[in-house]
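Subject: Handing over the structure, with notes on what was found

Dear colleague,

I am passing this structure on to you, and it is shown just below. After it come my notes, written for someone who is meeting it for the first time.

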Amino acid sequence: MMKLSQGGYNCSQILIRIALEAAGRKNSELVRAMAGLAYGCGTGKATCGTLTAACCLLALFAEDSGGEETASHRLAMMQDELCAWFHDHVGQRHGGTACDTITGEGGPSSSRQVCGALLADTYAKTMAILMENGFGPGA
């Protein structure tokens, strides 16, 4: 994660990129598109990009057996579980889930330790949810 951060990737991109790598996949367009979620959709005022990227990660791997562009009927339940965990784990500790609320006025660049730990914890929780539901890079 540190190497990707030092390489200019943001939280949303790092989350997706490490999941794709774990699955032995590449998708540069998806990684680039994830930049739009970072820093609360670029404003700092919206939901943390780590959470929104994690929801995208769930959708990426929770594929319905009926077609590769159709999400599993379990996706909403998995997203509910992830969001509840995030609100309990992050929102209560920082007073909300907006990027600026979590990082403070300096944004992500001034709080690398907070963002790094948050990214690692959220990735682990997201992968656990996927695996519990029969999805994920190894499924």
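Which residues does Thr97 touch, not counting residues up to four places away in sequence? Please keep in mind, as you look for them, that this is a predicted model. The residues in contact with Thr97 are Ala46, Thr47, Cys48, Phe86, His87, Gly91 and Ile102, with residues up to four places away in sequence left out of the list. Thr97 itself belongs to the loop between helix 6 and helix 7, the latter covering residues 99-103, and Thr97 counts as buried because its relative accessibility is 12%, where the limit for that word is under 20%.

Let me now step back to the whole chain. The protein has eight helices and zero strands, so that reading along the sequence gives the pattern α-α-α-α-α-α-α-α. The C-alpha trace spans about 45 × 30 × 20 Å along its principal axes. For 139 residues, a compact globule would be expected to have a radius of gyration near 14 Å, and the 14 Å of this protein agrees with that. Of the 139 residues, 40% are buried, and the protein exposes about 7,300 Å², of which carbon and sulfur atoms supply 51%. If one takes the contacts between residues at least 6 apart in sequence, 62% of them join residues at least 24 apart. As for charge, there are 10 positive and 13 negative charges, and the mean positions of these two groups are 9 Å apart.

A second threonine is worth looking up in the view. Thr126 is part of helix 8, which runs over residues 112-132, and Thr126 counts as buried because its relative accessibility is 0%. Leaving aside residues up to four places away in sequence, Thr126 touches Ala54, Leu57, Leu58 and Leu82. A polar atom of the Thr126 side chain also lies 2.7 Å from the backbone oxygen of Thr122. In the same element, helix 8, you will find Met131, which is partly exposed at 46% relative accessibility. The C-alpha atoms of Met131 and Leu75 are separated by 13 Å, with their positions 56 residues apart along the chain.

The backbone deserves some care around helix 4. Most residues other than glycine have a negative phi. Tyr39, however, has a positive phi of about 50° although it is not a glycine, and Cys41, again a residue other than glycine, has a positive phi near 60°. Tyr39 has its place in helix 4, which covers residues 38-41, and Cys41 is found in helix 4 too. Tyr39 is partly exposed, with a relative accessible area of 26%, and Cys41 counts as partly exposed at 43% relative accessibility.

Gly36 sits in the loop between helix 3 (28-33) and helix 4 and is partly exposed, with 44% relative accessibility. Gly36 touches Cys41 and Gly42, again without counting residues up to four places away in sequence. Although Gly36 and Ser12 are 24 residues apart along the chain, their C-alpha atoms are separated by 8.3 Å.

Another glycine, Gly104, has its place in the loop between helix 7 and helix 8, where Gly104 is partly exposed with a relative accessible area of 25%. From C-alpha to C-alpha, Gly104 and Gly44 are 9.4 Å apart in space, while in sequence they are 60 residues apart.

One last position is Glu68: is it buried or exposed? Glu68 lies in the loop between helix 5 (49-61) and helix 6 (75-94), and Glu68 counts as exposed because its relative accessibility is 69%, the limit for that word being over 50%. Glu68 and Leu51 are 17 residues apart in sequence, and their C-alpha atoms are 23 Å apart in space.

With best wishes,

A colleague

Definitions and conventions:
Residues are numbered from 1 along each chain as its sequence is written. This is a predicted model: local features need pLDDT of at least 70, side-chain atom pairs count only at pLDDT 80 or more; totals for chains, interfaces and linings use all residues. Side-chain values use heavy atoms; hydrogens and water are left out. Helices (H or I, at least four residues) and strands (E, at least two) are DSSP runs, numbered from the N terminus. Buried means under 20% relative accessible area, exposed over 50%, partly exposed in between (1.4 Å probe, protein chains only). A polar contact is a pair of N or O atoms within 3.5 Å; within protein, one must be able to donate a hydrogen and the other to accept it, and residues adjacent in sequence count only if both atoms are side-chain atoms. Contact means heavy atoms within 4.5 Å. The radius of gyration is taken over C-alpha atoms; the globule rule is 2.2 Å times the number of residues to the power 0.38. Accessible areas come from the Shrake-Rupley method with a 1.4 Å probe; for residues, only the protein chains shown count as cover. Lys and Arg count as positive and Asp and Glu as negative; His and the chain ends are not counted. The place of a charge is taken as NZ of Lys, CZ of Arg, CG of Asp or CD of Glu.
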